[in-house]
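Biologist: Could you take me through one part of this protein slowly, as you would for someone new to structures? I would like a close look at its aromatic rings and how they are arranged.

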Amino acid sequence: MLLARSGWRLPLLLAAVAFSTGCIRETTEGTAHVFQNELWVPIVTFLGGIAACVGGWFVKSHSERFGWAMIILGPIAAIGFAPSLYLDRAAVDDSGFSLRAGIWGMTAVHDVKYDSLRQIHLTKEESYGRRGKKVSYYMVCDRTSGEPAKISLGNQCAEAAAPLFLDAAQARGIPITNETGE
């Protein structure tokens, strides 16, 4: 009887431990510092998408609209977002910064080398929508070729790797301007 009542505690404890460990894993591969999502993030997204699909089948008898939304959005999360979270990767090494991020099939890939940089600008863009003000942060890397690279810092891997990249760029004498006002 006691085991039946406390059966929910172990899964809850395991979930609390998993979610308290953080979302980004930093590893070292040679001279590169690599930032990726922890493995549990895409796994939970995949399993959550499958569970939403199955749960939607049962929920639609009570709320048809919500049930069908779960049935449709569950596989999108499992097939679209989970692989994207698994493949997101930012790396900073002796030669520069590389980033692979975005939704599977529409992935943004950036490769910025220190020796091709003229200057880096930290910028922010504000936009307004139905849900109010949204602020997006970017690193705009001016290359010596004249072609800028606008790198979104909205991805957790990019956000975690950016300070290391900026410190290394500043140590190499590359000017960095903060235009965010913060």
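Modeller: Here is a walk through the aromatic rings, one pair after another. Please keep in mind that this is a predicted model. For the setting, the protein has five helices and nine strands, and 31% of its 182 residues count as buried.

Now to the rings. A pair of aromatic rings is described by the distance of the centres and the angle of the planes. The count here comes to two aromatic pairs. Take Phe-97 and Phe-165: their ring centres are 5.0 Å apart and their planes meet at 35°, so this pair is tilted. Phe-97 belongs to strand S4 (residues 96–101) and Phe-165 to helix H5 (residues 156–171), so the pair ties together parts that lie 68 residues apart in sequence. Both Phe-97 and Phe-165 are buried.

Phe-165 also pairs with Tyr-114, and this pair is stacked, with 5.6 Å from centre to centre and 20° between the planes. Tyr-114 lies in the loop between strand S5 (108–113) and strand S6 (117–129), while Phe-165 lies in helix H5, so this pair ties together parts 51 residues apart in sequence. How buried are these two? Tyr-114 counts as buried at 5% relative accessibility, and Phe-165 counts as buried at 0%.

Put together, Phe-97, Tyr-114 and Phe-165 form one aromatic cluster. Tyr-114 has a charged partner as well: the charged end of Arg-172 sits over the Tyr-114 ring, 4.0 Å from its centre. Elsewhere, the charged end of Lys-150 sits over the ring of Tyr-138, 4.5 Å from the centre of that ring.

Conventions: Residues are numbered from 1 along each chain as its sequence is written. This is a predicted model: local features need pLDDT of at least 70, side-chain atom pairs count only at pLDDT 80 or more; totals for chains, interfaces and linings use all residues. Side-chain values use heavy atoms; hydrogens and water are left out. Helices (H or I, at least four residues) and strands (E, at least two) are DSSP runs, numbered from the N terminus. Buried means under 20% relative accessible area, exposed over 50%, partly exposed in between (1.4 Å probe, protein chains only). Rings of Phe, Tyr and Trp (its six-membered ring) pair if their centres lie within 6.5 Å; planes under 30 degrees apart count as stacked, over 60 as edge-to-face and the rest as tilted. A charge sits over a ring if NZ of Lys or CZ of Arg is within 6 Å of the ring centre and within 35 degrees of the ring normal.
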